[in-house]
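Grab a coffee and open the structure in your viewer. Let's take a walk through it, stopping at a few spots on the surface and a few in the interior.

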Amino acid sequence: MVGEMDAGMVVGYFRGKNILITGSTGFLGKVLVEKILRVQPDVKKIFLLVRASDVESAKLRIQMEVTGREIFQVLKEEHGMEFDDFIEEKICPLAGDIMYENFGLDTGNLRELYKDLDIIVNGAATTNFSERYDVAFDANVLGAKHVCAFANKCAKLKMLLHVSTAYVAGEQEGIILEKPFLLGDTLREGTNLDIESELNLIKETRRELKANCSSEKAERRTMKELGLKRARQFGWPNTYVFTKAMGEMLLGHLRGDLPVVILRPSIITSILKEPLPGWMEGIRTIDAVVIGYAKQTLSFFLVDLDLIMDVIPGDMVVNAMMVAMAAHSEEQSQTIYHVASSVRNPAPYAILADSGHRYFFDNPPRRGRNGQPARLNKMRFFSTVARLSLYMAIKYRLPLEMLRLVNIALCGVFSRRYNELSRKYRFVMQLIELYAPYSLFKGCFDDTNTERLRMTMKKDQDNNASPDCYFDFDPKSIDWDDYFYSVHIPGVLKYMRD
């Protein structure tokens, strides 16, 4: 790691650099692209790899899903009429996919990238907890493998930064260290993971499904169930974190002398400071609760209010990414960073619950034609799966069983209603099972490496320094109550409600 740095040095690092970013259409990708362009307009080129049939389609996707979003408003105001020309000059669309070797790019593009790239940021992933095993494996495991192979062919590459998740730790308790996964590691004692065997299992399962002429729906269900089964066999709670862990293993195994940083954020939330406080995309667990409460469609939730809710604002994650790139450039090492808050500034779920109740008391949603304030019922929280399951059984399962018996007695008069309610009940129970490992998580993410990285950043002495040049990623600077009440909840309601 380099010695002491300041914000100017970090900004200066990106001058003249060619950067390839995957996953730019995701929330974190947009925040990263915007910040680089805003603080360092002299970056040479940012190549954005997006799924598209051709370059024109890729360009359109970037316009619609990246540079056309609200987060680029500050940049648009800075450049005025020249914004489109600036974007045209700095951003180069690439139509490809990390699930393919060389991302499926043509020889001309490959030759240019191999010769010119300085930095690769791999943020592409599927984050669906219960994704099909084959789809998650392609994106999160083979994708990491292909990115690593590609990076090793780049003549002057200084750095590969890979975005993972802190929850590759599974359901561990206590302090969780910033340590790498070795090939074959699992979270269940007595088991050994062979990634090649997992790939063969996926191929064999798909062959069997095809031979049996299974419907698309049956195939999707089978592949989802396979992912969850394999994840739990090796100690992970779902397909997403299982495949992300395997991706990390392959990166560590295949990187050679490549400088690699693996960034593991906890739950990423809305932007804290700049460029647009409260802005976000993609509903996280806690945001579904906020929206459900505002609409009064969610009357209960599984969470122990005394447990720590490990969240980190998206702009802090991007600040850590950019500082890590500058700090580890051209080092022949692998470093892992937890970008999390549970150790430095823990926030129990009770803070979000209290902030939410106060916010909606002070700012009740408007309902009906006359726009009268809605009356909100207080949400119930269950601290264990057993308590919530009992509540669900009495409040929903028992009436559902009674409806089933009445439906049989009346020769199927209520069949449609019963099937609809039964589907909803099963869906809620599946959600409880999927989210329990997070809402009841009892671990804390050690951030010793991240604190060391923070300590390399000198405090700017110039009080007139532009806030655009801040690279703060210290969760100690966050007042959680103020953040949820004044920034995050209003942001969720403004950007995510519809």
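Start with Val 406, which sits in helix α14. This is a predicted model, so treat each stop on the tour as a feature of a prediction. Is Val 406 buried, exposed or partly exposed? It counts as partly exposed, because its relative accessibility is 37% and the buried class ends at 20% while the exposed class begins over 50%. Val 406 has company on the surface: together with Leu 410, Val 413 and Phe 414 it makes a nonpolar patch of about 330 Å².

While you're there, look at Cys 411, in the loop between α14 and α15. Its phi is near 55°, a positive value in a residue that isn't glycine. That's worth a second glance, because most residues other than glycine have a negative phi. Cys 411 is also out in the open: with a relative accessible area of 75%, it is exposed.

Phe 103 makes a nice counterpart. Its phi, near 60°, is positive too, and again the residue is not a glycine. You'll find Phe 103 in the loop between β3 (91–95) and α6 (107–116). Here, though, the side of the story about accessibility is another one: Phe 103 has a relative accessibility of 1%, so it counts as buried.

One more backbone oddity, and then we'll move on to side chains. Which two residues are joined by a cis peptide bond? They are Glu 274 and Pro 275, with omega at about 15°. As a reminder, most peptide bonds are trans. Pro 275 belongs to the loop between β8 (267–269) and α11 (285–295).

Stay in that loop, since one end of a salt bridge is found there too. Glu 281, in the loop between β8 and α11, pairs up through its side chain with Lys 30, at 2.7 Å from N to O. Lys 30 is in helix α2 (residues 27–39), so this pair links distant parts of the chain, 251 residues apart. Both partners are tucked away: Lys 30 counts as buried at 1% relative accessibility, and Glu 281 is buried as well, with a relative accessible area of 16%.

That bridge is one of 27 salt bridges in the structure. Another joins the side chains of Arg 132 and Glu 219, at 2.8 Å from N to O. Arg 132 lies in the loop between β4 (119–122) and α7 (133–151), and Glu 219 is in helix α9, so the pair ties together parts that are 87 residues apart in sequence. Arg 132 counts as buried, at 13% relative accessibility.

Not every bridge spans the chain like that. Arg 454 and Glu 451 also meet in a salt bridge, at 2.8 Å from N to O, but these two are 3 residues apart in helix α16 (residues 448–455), which means they are separated by about one helical turn. Arg 454 is the buried partner, at 9% relative accessibility, whereas Glu 451 is partly exposed, with a relative accessible area of 21%. Neither works as an isolated pair: Arg 344, Asp 447, Glu 451, Arg 454 and Asp 474 are linked in a network of salt bridges.

Now head back to helix α9, the home of Glu 219. Which residues gather in a patch of positive charge on the surface? They are Lys 217, Arg 220, Arg 221, Arg 397, Arg 423 and Arg 426. Helix α9 (216–233) and helix α15 (415–439) each supply at least two residues of this patch, and α9 has the largest share, with 3 residues. Arg 220 is found in α9 and counts as partly exposed, at 35% relative accessibility.

Our last stop is Tyr 396, next in sequence to a member of that patch, Arg 397. Tyr 396 is in helix α14 (residues 385–409), and at 34% relative accessibility it counts as partly exposed. Leaving aside residues up to four places away in sequence, Tyr 396 touches Ser 299, Phe 300, Tyr 391 and Tyr 425. The C-alpha atoms of Tyr 396 and Leu 421 are separated by 9.0 Å, with their positions 25 residues apart along the chain.

Key
Residues numbered from 1 in each chain as written. Predicted model: local features only at pLDDT ≥ 70, side-chain atom pairs only at ≥ 80, totals over all residues. Heavy atoms only, no water. Patch = residues over 30% accessible without salt bridge, like charges linked within 9 Å, V, L, I, M, F, W, Y side chains within 5 Å. Areas by Shrake-Rupley, 256 points an atom, 1.4 Å probe, with all protein chains shown as cover. Salt bridge = Lys/Arg side-chain N within 4 Å of Asp/Glu carboxyl O. Lys, Arg positive; Asp, Glu negative; His and termini not counted. Charge placed at Lys NZ, Arg CZ, Asp CG, Glu CD. Helix = DSSP H or I, 4+ residues; strand = E, 2+ residues; numbered from the N terminus. Buried < 20%, exposed > 50% of the residue type's maximum accessible area, 1.4 Å probe, protein only. Contact = heavy atoms within 4.5 Å.
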